[in-house]
Amino acid sequence: QVEDVVGCHVEDAVTFWAQNVSRCNDLLKLSCALAEACPRANAVFGKPDFTKIYGGCFSEDGCWYRCMVQQVINNEKAGTCQVLYIDYGNSEVLNRSDIVEIPPNLQCPSVAKKYRLWGLQIPTDQNLNMFDQGKKFLSSLVFEKEIKIRHKAKHEDGTVIAQAEYEKTDIGEEVAKAGFAEKCTSPGNTKDAEERKIDVMQNQHRKIKVSVPLWVNRSDHALYSIPRGRFDQVAASARSQNFAGNRMFAPKEKMLVSTSVPDTSLAQIRPDQKLSEEKEVLRRENVNLLQRQKELELKVQQLKRELQVCGNREKEASRKTAESFEETLHTYIGTKMRSLAAKVKVLKEVRHTNKNSHFGEQISKAIKVVTEGCLTVPCSLEKLQKVWTEYDLAQERIQLCRNVDERDELITKRDEVQQNLYSAVEELILEVDQLPLSERSRTLQELSASLEMVYGQGSEAGDSEEVFQQFFKWKGVKMKKLICIRNDTDAALQVLADWFSGVLKCFDLMSEVSSDLEEVVGNVDEILKKVELAICEELDTDLNEHDEAEKGIIMSAYHKVMHNVRQEQSMITVIQNRYLASVEFKKQAEEWLNRRPDINNLLSIKKTVKSLKAQLRWKMVEKNNFEESDDYSEFEMTGIKEEIADLQNRVLQEVSKEQEEYKWFPELPLLYPEAGILNYMNSGGLLTRSLERDLLDAEPMKELSTKRPLVCSEIQGQKVLLK
């Protein structure tokens, strides 16, 4: 077995932990699930289960990771336990309160696996310094690097004996060349190698006379224990650091019991002791081989039983298949004819349906509507636009004129342009009256609605007319193909009908015509096969099912149709708006064409306003005097107020008429400066000399007044502010 892994923790010069690169998403999901479940979970008190997976709060980042308890260090209620983070391979001592139960759905196999380099072992005479350097050396080769692993064997505790490569470099050979490991006689005996590693550590501890390993809580522990790299980068979106790291703690079998260890040198070990150790190694290898032999024998027996069961199943399946074939042969003709008749019935229904629903007919009709019945812009519209622009310019020049000498000349030019505009307006009205604008607009609206119900909202399309040609070309090819398929089906069915006719004559006892039986019946299988193939091909040819390219052609034609519809609707709207404006202009121009404006009506209105204001002032004086009178009556006061309100409304009505008289001719301010038209126009219609604040019976608004006073009045039942 070969797999790609990323190194995440190193135990010694030949042993490391790694994660399969395909488990990246699993780590992310586990991190998110643990972050949600662990803070609410119950802590582990009492005796922990060494085979169960718990959640552990890593001391360096406060995040939760899956772990298994390796050793109970303190049995008290608030004691400590040594745990192994199973998804990363490092271990740590945690308080019981930091170890919690996790749900069953998180009790899945570990992401990280323990690997041991194939054919290597730690030398028995290796000192602690070399051990530590070998650990660093292997870490530099595997930590956070993508390694190719080739499985060689597997130990009882799950450790995988493997050959490791990084970028075509054999990691085991590099470790051996550096002198941190040596070739072992039995590469698969991992247990013996583990015990040798423990012996090395114990011998070195005896030599330096210490009770606790010096490599516990080293300052460079993070080099081996905190997994980083590609998995950390992927999971960084879930939390700041998803992977557990720890201070390096010695495994249970490495902890020393007493401080009273004699100072014994490796050079002083007796030769017979070495011989006994070698015998013990051979004995263990022999036991392992015998155990492996028994396992293989059991597996061979199991495979024999499975093969026997499979053989019986295959025999039973073959017998049933033969019986099924025999039964099928007995009813083949009837089954074949029933199947063929059912397909012919379905084909009739499909042809009837396709006959009623014409293929691509809706888009074809829509293309015809937008191309053949399209309205064009009236010829008089462009001429009208040009003359109207000249007329607006002439009016603007008169309005801006402040010289009386230039006034008459500008008015004369304006009248000429006005005459031309009147002629252009009449021409446009006559031409537009001949166009079916309303009917065409309604047709386009109905067409747009019906297409959007089938194809959805249309998008913008280009101006290329090739879209319609491409659609009709595709439709023609599609219909031609369908016609050919139908002709083939009709021909095959006709051949079958002729065959039935010949068979009928062959089996007619009253017929005197002799026929060759072999010639009539001989090719029936081929005829039936051709008929079935032709029918199936026609049924599979669905006109309403299209591939992506065909859908693109249809939608392009639809978008082009909708583009033309919107373009024409916009043009119709422009024509209608200009038509209405022309009608209004003609109606107003007929009254003043070739006439000078008359100011008499305006002066009459001003005279009326002046008279009403005088009456209003008199009434307001009468009201003020009556309020101070000793004969004050509420009833009479109400009557006076009603008369004042009526006079105010009449003044406002006359002012509105006065404003109407200011419109249309821009030369009025020049011809009649005494009318005050220029002040009204310059104020945007807000200022008129005929309306005075004193006439509106205003009351002061102190709360809204600042530098200038604001007053409030009531006009036609509505309060207004006057400044």
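I take helices and strands as DSSP runs, numbered from the N terminus. The model I am reading is predicted.

**Entry 1: cavities**

I looked for enclosed space and found 2 cavities of 30 Å³ or more in the structure. I went to the second largest cavity, which holds about 40 Å³ of space. Which elements supply at least two residues each to its lining? They are α1 (24-37) and β4 (64-72). Helix α1 gives the largest share of that lining, 4 residues. I listed the lining of the second largest cavity as L27, L30, S31, L34, W64, Y65, R66, D87 and Y88. Sorted by class, this lining has 6 nonpolar, 1 polar and 2 charged residues.

**Entry 2: nonpolar cores**

I then turned to the cores. The largest nonpolar core has 38 residues, and L421, L451, F471 and V561 touch the most other members. I noted the elements that give two or more residues to this core: α9 (361-372), α10 (379-400), α11 (404-433), α12, α13 (466-506) and α16 (548-592). Which element has the largest share of this core? It is α16, with 12 residues. A second core, separate from this one, has 25 residues, and L34, V44, Y85 and V111 are among them. I had already met L34 in the lining of the second largest cavity.

**Entry 3: helix α12**

I checked the length of α12 (residues 437-455) against its residue count. At 1.5 Å a residue its 19 residues should span 27 Å, and the end C-alpha atoms are 26 Å apart, so the two agree. I next asked which residues of α12 are buried. They are L437, R440, L444, L447, S448 and L451. Why do they lie on the same side of α12? Because they cover an arc of only 100° around the axis. An α-helix has 3.6 residues a turn, so residues three or four places apart point the same way. On the other side of α12 I found E446 and M453 exposed. L451, buried in α12, is also one of the residues with the most contacts to other members of the largest nonpolar core. After α12 comes G456, and I noted its positive phi, near 85°.

**Entry 4: helix α17**

I repeated the length check on α17 (residues 600-627). This helix has 28 residues and reaches 41 Å from first C-alpha to last, close to the 40 Å expected at 1.5 Å a residue. I recorded its buried residues as L602, I605, V609, L612, K613, L616, K619, M620, K623 and F626. The lysines K613, K619 and K623 are on that buried list.

Definitions and conventions: Residues are numbered from 1 along each chain as its sequence is written. This is a predicted model: local features need pLDDT of at least 70, side-chain atom pairs count only at pLDDT 80 or more; totals for chains, interfaces and linings use all residues. Side-chain values use heavy atoms; hydrogens and water are left out. The expected span of a helix is 1.5 Å times one less than its number of residues. Buried means under 20% relative accessible area, exposed over 50%, partly exposed in between (1.4 Å probe, protein chains only). The arc is that of the directions from the helix axis to the C-beta atoms. On a 1 Å grid over the protein atoms alone, a cavity is a set of points where a 1.4 Å probe fits but cannot get out, and a pocket is an open set with protein on both sides within 12 Å along at least five of seven lines; lining residues have an atom within 4 Å of a point. Grid points are joined across faces, edges and corners, and a volume is the space filled by probe spheres set on the points. Ala, Val, Leu, Ile, Met, Phe, Trp, Tyr, Cys and Pro count as nonpolar, Asp, Glu, Lys and Arg as charged, and the others, Gly among them, as polar. A nonpolar core is a set of buried Ala, Val, Leu, Ile, Met, Phe, Trp, Tyr and Cys residues joined through side-chain atoms within 4.5 Å.
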